[in-house]
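Reader: Hello! I would like a close look at the aromatic rings here and at their surroundings. Please walk me through them at your own pace.

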Amino acid sequence: MMISTKGRYALRFLVDIAEHQGDGFVPLKDVAARQEISEKYLEIIVKELVKNRMLATMRGKGGGYRLNHSPEEYNIKSILELMEGPLVPVTCLEPGQDACPRSNNCSTLLIWRGLDKVISDYLSQFSLADLCNKNP
């Protein structure tokens, strides 16, 4: 599993908004400059976040974006799944997937289920608030 730039940039965008929305709506160009991400690319990401009600938007002077909820309510796993799709290590574990005809005899399924649980549990324990104001 590899998280794309879309998923990584969505997290960076949301963290930046969370850290700077105290003054109201945050302009996209300000986030793009601080995060060194193309405004055009962020527009694609923001469209998904607004569509899924993670962000509120306001146009015009003083406009920009802000979180619809407190940073504690934004689960990192949910954000990544929104941007990336299911974060499963193998396709046979994807939600809605037909049962693999080999699942009853698959000698590796135990490993994939365990890895899926580790990934899910790890990402689920963090919120956007956990990433705010943290320096590596």
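Author: Happy to! Let us start with Phe13 and Tyr65, which are both buried (under 20% relative accessible area with a 1.4 Å probe and protein chains only; exposed is over 50%, partly exposed in between). This is a predicted model, in which local features need pLDDT of at least 70 and side-chain atom pairs pLDDT 80 or more, while totals for chains, interfaces and linings use all residues. Numbering runs from 1 along each chain as its sequence is written, and side-chain values use heavy atoms, without hydrogens or water.

There are three aromatic pairs in the structure (Phe, Tyr or six-membered Trp rings with centres within 6.5 Å; planes under 30 degrees apart are stacked, over 60 edge-to-face, the rest tilted). One of them joins Tyr9 and Tyr41: with ring centres 5.5 Å apart and planes at 80°, the pair is edge-to-face. Because Tyr9 sits in helix H1 (residues 5-20) and Tyr41 in helix H3 (residues 39-51), this contact ties together parts 32 residues apart in sequence (helices are DSSP runs of H or I, at least four residues; strands are E runs of at least two, all numbered from the N terminus). Tyr41 is partly exposed, at 26% relative accessibility.

Back to Phe13 and Tyr65, whose rings also meet edge-to-face, 6.1 Å centre to centre and 75° between the planes. Phe13 belongs to helix H1 and Tyr65 to strand E2 (residues 64-67), so this pair ties together parts 52 residues apart in sequence.

Following Tyr65 into its strand, E2 pairs with E1 (residues 55-58) in the antiparallel sense over four bridges (pairing takes at least two DSSP bridges). Tyr65 is the bridge partner of Thr57. The two strands, E1 and E2, make a hairpin with five residues between them, and Gly60 in the turn has a positive phi of about 90°.
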